[in-house]
Each structure stands twice: as structure tokens, then as C-alpha cells.
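Welcome to a short set of exercises on reading a protein model. Have a look at the chain below, try each task yourself, and then follow the solution step by step.

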Amino acid sequence: MIDKEVDVAIIGGGPAGMAAALAARKAGVEDILLIERNESLGGILNQCIHEGFGVEIFNEVLTGPEYMQRFIDKIEKQEIPHLLDSMVIDISKDKELVIASESGLHRIKAKAIILAMGARERTRGQIGTPGSRPAGVYTAGAAQNFINLMNLMPGKRVVVLGSGDIGLITARRLTLEGAKVLAVVEILPYSSGLPRNITQCLEDYEIPLYLKHTVTEIKGNKRVESISIAEVDDKWCHVPGTEREFDCDTLLLSVGLIPENELSRNAGIVLDPVTGGPRVNENLETSVEGIFACGNSLHVHDIVDFVTMEGDCVGIQAANFVKGKVCGDGGIDISAGNGVGYVLPQCVSGDEDVKLSLRVREPGRDRKLLVKDGDRIIKEIKKPKVNPAEMIKVGLKKDELKGVKSLSIELE
Ligand SMILES: Cc1cc2nc3c(=O)[nH]c(=O)nc-3n(C[C@H](O)[C@H](O)[C@H](O)COP(=O)(O)OP(=O)(O)OC[C@H]3O[C@@H](n4cnc5c(N)ncnc54)[C@H](O)[C@@H]3O)c2cc1C
């Protein structure tokens with residue numbers, strides 16, 4: 001039995017969900033419900049007490065809590081209804097949601113749903129690191145949560161596997177709190193974090209970065225006692241004779257985020273195997289009509305400002321949908337060509353100007369992005385520097401999309 005009907009239900013009260021709620025309200029939707037499983041809004045920003053947020057949107061350098069508070073204040077001022085400590089455990093194609101909270105299970109029917117569930121960290125089991133199974137192996141985000149929110153130190157002598165931003169930031173945080181970070185170990189020949197974080201989190205604290213290396217063994221009985229690492233060749237096989245061992249009590253994993261999409265899968269939403277998020281059209285609408293996606297649940301973002309911008313866009317589109325405005329149906333398929341990891345959205349109608357988000361596969365200098373319809377080059381963009389850690393935005397005017405059947409974007 002349905003307990004309540006709403007116009008727009010938003011799953012996840014992080015920066016994406018909050019921006020979507022505010023944009024939907026601004027676009028005239030009164031009846032919104034924002035649902036968050038944690039005890040407060042803000043998402044992962046609650047634990048990101050370092051600076052670096054808000055440069056694009058506010059032209060200011062804010063901490064995560066400062067950034068999120070600006071949105072929480074607006075949600076409260078505009079009295080946008082939100083449920084806390086409430087987890088959506090199921091959604092259906094008919095846009096029915098099942099919510100578990102202290103007061104029991106509730107069923108809600110929405111005219112439109114916005115997926116803004118964020119991402120979760122890859123774990124040891126998912127990367128198959130060999131060795132024994134002692135305590136002291138954490139994801140970097142879990143360690144960040146311990147230090148910043150619970151005032152607990154996860155360890156004293158630490159090795160970090162993976163050079164993603166979360167690992168770099170947590171390596172600096174641990175150092176500031178008195179731990180010794182012995183090494184950051186990265187299997188790729190380049191870091192997967194933002195260049196500014198390499199400088200500000202590793203070089204400034206003299207933390208060594210071992211590129212083309214991986215962890216070959218975790219040793220320890222009750223607690224981690226040591227970690228062995230070795231260099232890898234181009235096929236990621238260990239190079240004999242390059243092994244080294246670090247006496248340590250902790251291994252942190254910063255080996256990538258996985259967009260949170262169990263709910264999407266249950267609702268039959270088509271997912272993209274490369275991004276891990278739903279396939280969407282230019283309105284960020286998924287394969288199920290009236291269900292939209294944004295933020296890290298759609299694809300892993302580099303900076304939160306872009307998450308907020310995406311949330312804005314989805315809020316407006318969901319409002320349009322509720323008001324019966326017909327959205328374009330995405331007749332032009334978009335694919336990632338040579339050197340490009342992925343492009344989002346995966347299809348556009350060609351009826352509107354669009355902004356595409358993409359990531360390259362490898363760092364490089366003096367490259368060109370080519371937007372192509374078959375062999376015809378529609379647009380060429382010079383890129384003095386490209387880096388997989390940084391998302392690239394490409395704008396296309398609807399005139400440029402006239403007569404286009406399919407688009408591919410490649411790196412020359
Ligand atoms: C450690 C770390 C450091 C970062 N540093 C920076 C930085 O310096 N600068 C920068 O610009 N960006 C940074 N980022 C990136 C930025 O924080 C993220 O891109 C942004 O928070 C993603 O927003 P989101 O709303 O998509 O996801 P989240 O912030 O993860 O929010 C998702 C929310 O959905 C909720 N949720 C999930 N499933 C359900 C469900 N079933 N029911 C109800 N609620 C649910 C979660 O509890 C969570 O609150 C960092 C990220 C991390 C993890």
C-alpha cells in the first residue's frame with residue numbers, strides 16, 4: 001500500500017541530491033522529498049575537512065563542511081522536506097520507492113525519481129591483494145572517517161595502495177596527526193589523483209610515491225606487520241628482484257570508487273559498464289522514463305562543483321518531466337574513441353546545445369580532441385595538457401549536431 005505520493009523523490013542527500021532538490025524547487029516543484037540514510041545531509045563532504053571545494057561555483061576555497069552547509073541552509077530555508085536516517089531499499093520502474101526507517105517500512109510513489117546515491121570505495125576483495133587477513137587494512141575513506149569524525153587513529157606506520165585523491169588526502173591527514181606514511185604505491189605509470197594533490201599532499205610532506213608498483217603481500221597475524229611491494233611491467237606482472245618490504249601496521253586502499261547503483265539495477269535501469277552508472281540522455285534521464293541520475297552515482301567526479309552543476313541540471317529536467325514537458329529522446333549515440341575512457345551523456349537528441357563530460361585514458365601534452373560523425377570532424381579542441389584525473393567538458397551547439405547520426409570523441 002502506498003503511504004504517500006510526491007512529485008519528485010530524490011535518493012541521497014549529498015551535494016548532488018541537495019542541488020537537485022533546490023533546482024527542482026526553483027523550477028516550480030513544491031512537492032519534493034529528499035531521502036538520506038545518514039543522520040545528516042551533506043554526503044561524503046561531512047568527512048572532507050580539508051580545503052579545495054567551491055572554486056568553480058563560489059570562486060572561494062572552502063572545506064567540505066563549509067561547502068555543504070551553504071546548501072543545507074538553503075534546503076532548510078526553503079523548507080524542502082527531507083527524511084534523515086531513512087534508507088531507500090528498493091525502487092521500481094513504476095517509480096515506487098520502499099524506504100526503511102526507525103518507524104518501519106514506507107512505500108512512496110513519485111512522478112519522477114532522482115538517483116543521487118554517490119559512490120563507494122573498492123575494497124581488498126575486489127582487487128584480490130594477496131597475503132594474510134589481519135586487522136589494519138582499511139579503505140582510505142574509512143580511515144578518513146575515523147580520524148575526522150570519530151577522533152580515532154587507524155594506525156601509526158602506514159602504506160597507501162593507489163594514488164587516487166582520497167588516498168593522497170588521507171596520507172597528508174595521517175601525517176598531520178602524527179602517523180608515518182611510508183609509501184604511496186601506484187600500479188599505473190602515473191598518479192590517478194589530481195596534480196595539485198600530488199604536490200600538496202605528498203611532495204610537501206616528503207611522502208614517496210612508487211609508480212608502476214603494487215602490493216605483493218600483506219603479512220601479519222592479528223594486525224598488519226609488514227607489506228611487500230614490487231615493481232610491475234607493462235602487463236602488471238611483478239618484476240623479480242624489485243621487491244621491498246615496509247614494517248607497518250596499516251594498509252590503506254585508495255583504488256577507485258564504484259558508483260552506487262544496486263537500486264538502479266533492481267529497477268531495470270541500463271548501466272554503462274565503463275562508468276558504472278546509468279546510461280543517460282542529455283537530460284540525464286536513464287533508460288527508465290522519469291528516473292534521472294546525477295553526481296557520483298552517475299559517474300565518478302573529480303570536483304564537487306561539477307557534481308552540484310549536474311544536480312542543478314537534473315533538478316530542472318525532473319521538474320520539466322513532472323510538468324509534462326516532453327524531453328528529447330536521444331537519437332544520436334555518443335561513443336568514446338581512441339584515447340578517451342568515456343563520454344557522458346551516452347546519447348543526445350540534437351535538438352538542444354549540449355555539454356559533454358569525458359575523461360581521457362592517459363596523461364599527455366599538446367593533444368587534440370576530435371569530435372567526429374563517422375570520418376567527418378565536427379569540432380577540434382586543442383588540449384595543451386590532458387590527465388585522466390581531470391574531467392573535460394566539451395560544449396556542442398545544436399547547429400553542430402544537425403544531420404549527425406552518431407558521435408565519437410577521440411584524442412589525437
Ligand atoms: C575523500 C574524498 C575527498 C574529496 N576531496 C575533494 C576536494 O578536495 N575537492 C572537491 O571538489 N571534491 C572532492 N571530493 C569529491 C566530492 O566530495 C564528491 O564528488 C561529492 O561528494 C559527490 O557527491 P554525491 O552527492 O554524488 O555523493 P555523496 O557525497 O557520496 O552523497 C551520496 C549520499 O547518498 C546517500 N545514500 C546512498 N544510498 C542511499 C539510499 N539507498 N538511501 C538513502 N540515502 C542514500 C549517502 O548516505 C550519501 O549521503 C572528495 C571525495 C572524497 C570521497
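**Exercise 1. Into which domains is the chain divided?**

Before you start: this is a predicted model, where local features need pLDDT of at least 70, side-chain atom pairs count only at pLDDT 80 or more, and totals for chains, interfaces and linings use all residues. Residues are numbered from 1 along each chain as its sequence is written, and side-chain values use heavy atoms, with hydrogens and water left out.

Step 1. Domain 1 takes residues 1-121 + 257-327, domain 2 takes 123-255, and domain 3 takes 329-412. These bounds come from an automatic or database domain assignment.

Step 2. Now look at domain 1 and domain 3, whose centres, taken over C-alpha atoms, are separated by 26 Å. Their contact (heavy atoms within 4.5 Å) takes 15 residues from domain 1 and 20 residues from domain 3.

Step 3. About 1,300 Å² is buried between domain 1 and domain 3, and carbon and sulfur atoms give 55% of that area. Buried area is the accessible area (1.4 Å probe) that two parts lose on being put together, summed over both. On the side of domain 1, Glu 282, His 299 and Asp 302 supply 39% of what this domain buries against domain 3, more than any other three residues.

**Exercise 2. Find where Asp 302 lies and describe its surroundings.**

Step 1. Asp 302 sits in the loop between strand S19 (291-293) and helix H9 (304-322). Helices (H or I, at least four residues) and strands (E, at least two) are DSSP runs, numbered from the N terminus.

Step 2. Asp 302 counts as buried because its relative accessibility is 18%; buried means under 20% relative accessible area, exposed over 50%, and partly exposed in between (1.4 Å probe, protein chains only).

Step 3. Not counting residues up to four places away in sequence, Asp 302 touches Leu 194, Arg 359, Ala 389, Glu 390 and Met 391. The side chain of Asp 302 reaches the backbone nitrogen of Met 391 at 2.9 Å. Leu 194 is 108 residues from Asp 302 in sequence, yet 7.9 Å away in space, C-alpha to C-alpha.

**Exercise 3. Why do the buried residues of H5 line one face of the helix?**

Step 1. List the buried residues of helix H5 (residues 140-150): Ala 140, Gly 141, Ala 143, Gln 144, Ile 147 and Asn 148.

Step 2. Down the axis of H5, these buried residues fall within an arc of 155°, so they line one face. The arc is that of the directions from the helix axis to the C-beta atoms.

Step 3. A general rule helps here: an α-helix has 3.6 residues a turn, so residues three or four places apart point the same way.

Step 4. The partners that the buried residues of H5 pack against are strand S9 (119-121), strand S10 (137-139), helix H6 (165-176) and strand S17 (250-253).

**Exercise 4. In what order do the five strands of the open sheet stand?**

Step 1. The order is S22-S20-S27-S24-S25, with mixed pairing. Two strands pair if DSSP finds at least two bridges between them.

Step 2. At the edges stand strand S22 (347-348) and strand S25 (376-386), each with a single partner strand, so one side of each has no neighbour in the sheet.

Step 3. Further in, four bridges join S24 to strand S27 (residues 406-411), and the two run antiparallel. Leu 370 stands opposite Glu 410 in S27.

Note on methods:
Polar contact = N/O pair within 3.5 Å; in protein donor to acceptor, adjacent residues only side chain to side chain.
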